[in-house]
Each structure stands twice: as C-alpha cells, then as structure tokens.
Amino acid sequence: MKIVSEIINKKTHGNTEIINITDDIQEILKKSGIENGLCTVFCIGSTGGITTLEYERGLIKDLPEFLNQIIPQGKKYHHDATWGDGNGHSHLRSALIKTSFSIPVINSELTLGTWQQVVFIDFDNRPRNRRIVIQIMGK
Amino acid sequence: MKIVSEIINKKTHGNTEIINITDDIQEILKKSGIENGLCTVFCIGSTGGITTLEYERGLIKDLPEFLNQIIPQGKKYHHDATWGDGNGHSHLRSALIKTSFSIPVINSELTLGTWQQVVFIDFDNRPRNRRIVIQIMGK
Amino acid sequence: MKIVSEIINKKTHGNTEIINITDDIQEILKKSGIENGLCTVFCIGSTGGITTLEYERGLIKDLPEFLNQIIPQGKKYHHDATWGDGNGHSHLRSALIKTSFSIPVINSELTLGTWQQVVFIDFDNRPRNRRIVIQIMGK
C-alpha cells in the first residue's frame, strides 16, 4: 500500500474563477505508479471549492451566475462585521460546494467520465496563490 | 489491505430521479469480506449526483422541487449555446450535489443511520444507462 | 497500514447549530499515531451535515440564514405528510451539504488552512444526541 501526497500551486484571479485541474491530478497519478486506490483532492483554505464539471465555456459562466443568485456578492453578511474584507459570499460558497473531493482509481485511471473534469473554484474576492493537496492511496 | 472496485449499472428515467443504491453497496461490501475501511461511491458523468437521504416518498418529491427552484429546468443557460441539448440545469445540479461520496465501514457495516440511505440522482433530461463505481478499501 | 475508527458524541440544540469538531478530530489523529493517510468524518443520520468553515461568529450566523432562504423552515414539504415531524427542511439541508467529508493527513497533520475548521451542523428541529464517525486510514 502506497500513499503519495503532493501539493500543487495555482495563481488565480479569484471571483469564482473555475480552474480545470484534471491534468495536474492525472500527472501525479501516473508518476505515483498506483494502479488501484483512491485519489483525494483538497483545497487548503475556507474560500475555495472542489467539484466536477464539464469544463466548457458555457458552464464556466453558468455556475458563477447561479452561485451569485443564491449567495450574492455585495450583500451584507455578518462575516464583514468580523473582518471587513467583503468576502462573506466567498466563505458561504465554499461551505456549500466544499473543499474536498475523492475519485476512485481503477487500472491506473481516474474513473471520470469523458466530459467530467475535476475543477478547483476560487471564491475569494481577490487574486490568490492557492495550494491544493492531491493525495493518492492504493497499490 | 484489500481494494475492491465494482461498477454497477442503473437504467434511469433522468429528470432528477432518485435511486436508492444502499442495497447494491451493502451486497458488494459483504462479498468483499472487508471488515474495516472506507467505501467510496462515484457517479461516472457530469449530470448525476451522490448523497444520502431518508428514502421515503415525501422527500423524493421535495428534493427535486427544491433543486428546480434554485436551478430551474427550462431557464436559458450558456451551456445550451455550446451543445443545444437543454440540460444546463442538469450540469449545475451535479456540480452542486457532486458525484462522489464516502462512507466509513466498521465491523463489516456501513456507518449509515437507520433512515439514511445512499442515493444516486440522475439530473439529466432523458433516460440514461448509468455506471456507478463502488470502491471499498480496507482489511 | 492502520485503520482507526472512533465515534464521538455531541449534544446539540439542533436548528442548524454549527459545532467546530476540529479539535476532536486532531486529538484522535494524534492518538492514532498515523502520519500519512486520509481522515473521513461522517455524520450518522439524515438531518446533519459536515463541511469546512472559518468558525467565527459572523459566519455561524450567515450560513443558517443563507440555508433558511433557499430551504425555509416552516414551508410545507411532502415529507411532513409522511411523518408529521416538521423537519422536511432539515432533511433537504442535509442532502445538500452532505454527511461525509474527507481530509488528507500529511506529516501527522490535517491539511486544513489556518482559518478552515471542520464543522458538524445539526439541521434537525430539536435537540439531539449525535454520533459522528472519525476514521483515519494510513500509516
């Protein structure tokens, strides 16, 4: 049984930018030599999120628009009273989409569908240097 | 340490149909002989979702109604401009509910509550033949 | 490879009370002696949820307010026709936030950010005695 953990770095623009990190994960999986097991993708921080999405130019507009309808930027949040940094919406979106995601590995491949990409979303209201953990456990 | 991976097939009607897959998972767990470990359930594709729900006839109406309020079918999504298949809402619901779910296994049992079932939800707007990965890692 | 599973107990007030369980998890991790692996946190029951949040007094008001906007308590749900216990909103919030969450462990530490706490949320409409599974697999 092997456990391979790597941290990848991403410079982002924030503002619910959606970044396709599938290739990064596949490269780490290949290097690991692990054939069967579980790959966990984890965003360090409380204003990001990890999920899957068909990564195409329509949906990467639709998802931020949807999130802005249910959790609007610019609304008054109690969080602003604590820090005054105007990113209450970023924290709520992160708590909703969540910062962790796990994908089975079978025969050296992630079990993703053809139009199913793993995406990191940066909900913060400013550019960030992000660290994302990729951990693969298996044999 | 053992890793058992199986893919189950489900014919669905789509349209946010909710399918209780708890028995399928329990059968694979039993066959695996694994006593302690982690079971991951993963939907292949970007228009499905996995979560837990008390599987009863009220909630299997409530959940689709709720999702249709926040992510309406029939609304114009940018996704339609790419493919024209009218299932932008399916992709957004999938990105929100997410396609992966993990349950601890203790003493050969999933640690689910009595009224807590594992459900696969097909958000697509047409019948589908679905493949769902059940992976158990443990000993 | 080691698998350590513990169940922690929490008395809650319900009503979307948010409880920081990070210290409980860290204590079990420390006791386990596991240096690298995966920690899964799982709420037994269909009216709770696990996610990460900056645990500060603003956000622990913002998150319940947001959830009450999209899934209002007091609205008529089909679930009430089955049990009449008035907690349809609790089940929907749980299906949305989900009852499972996994965090990588690297060098004996959870890979959480400084302002990223693991929280259990009790969505039920009454006080509960809750059991939450903490499972760590690794070496």
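1. Only 12% of the interface residues of chain A are also interface residues in chain C, so the copies meet through different surfaces. A contact here means that the C-beta atoms of two residues, placed from the backbone, lie within 7 Å.

2. This is a predicted model, in which local features need pLDDT of at least 70 and side-chain atom pairs count only at pLDDT 80 or more, while totals for chains, interfaces and linings use all residues. Residues are numbered from 1 along each chain as its sequence is written, and chains are lettered from A in the order in which they are written.

3. Chain A gives 26 residues to its contact with chain C, and chain C gives 28 residues. On the side of chain A, the elements that supply two or more residues include strand 1 (2-12), helix 4 (88-97) and strand 8 (128-138) (DSSP runs numbered from the N terminus: helices H or I, at least four residues; strands E, at least two). That side has 12 nonpolar, 13 polar and one charged residues (Ala, Val, Leu, Ile, Met, Phe, Trp, Tyr, Cys and Pro are nonpolar; Asp, Glu, Lys and Arg charged; the others, Gly among them, polar).

4. Chain A is superposed on chain C by a rotation of 120 degrees with 0.0 Å of shift along its axis, at RMSD 0.0 Å (least squares on C-alpha atoms of residues with pLDDT of at least 70 in both). That is the relation of a three-fold axis.

5. Between chains B and C, the contact of helix 2 of chain B with helix 4 of chain C has five nonpolar, two polar and one charged residues. Helix 2 of chain B contributes Leu59(B), Asp62(B), Leu63(B) and Phe66(B), and helix 4 of chain C contributes Gly88(C), His91(C), Leu92(C) and Ala95(C).
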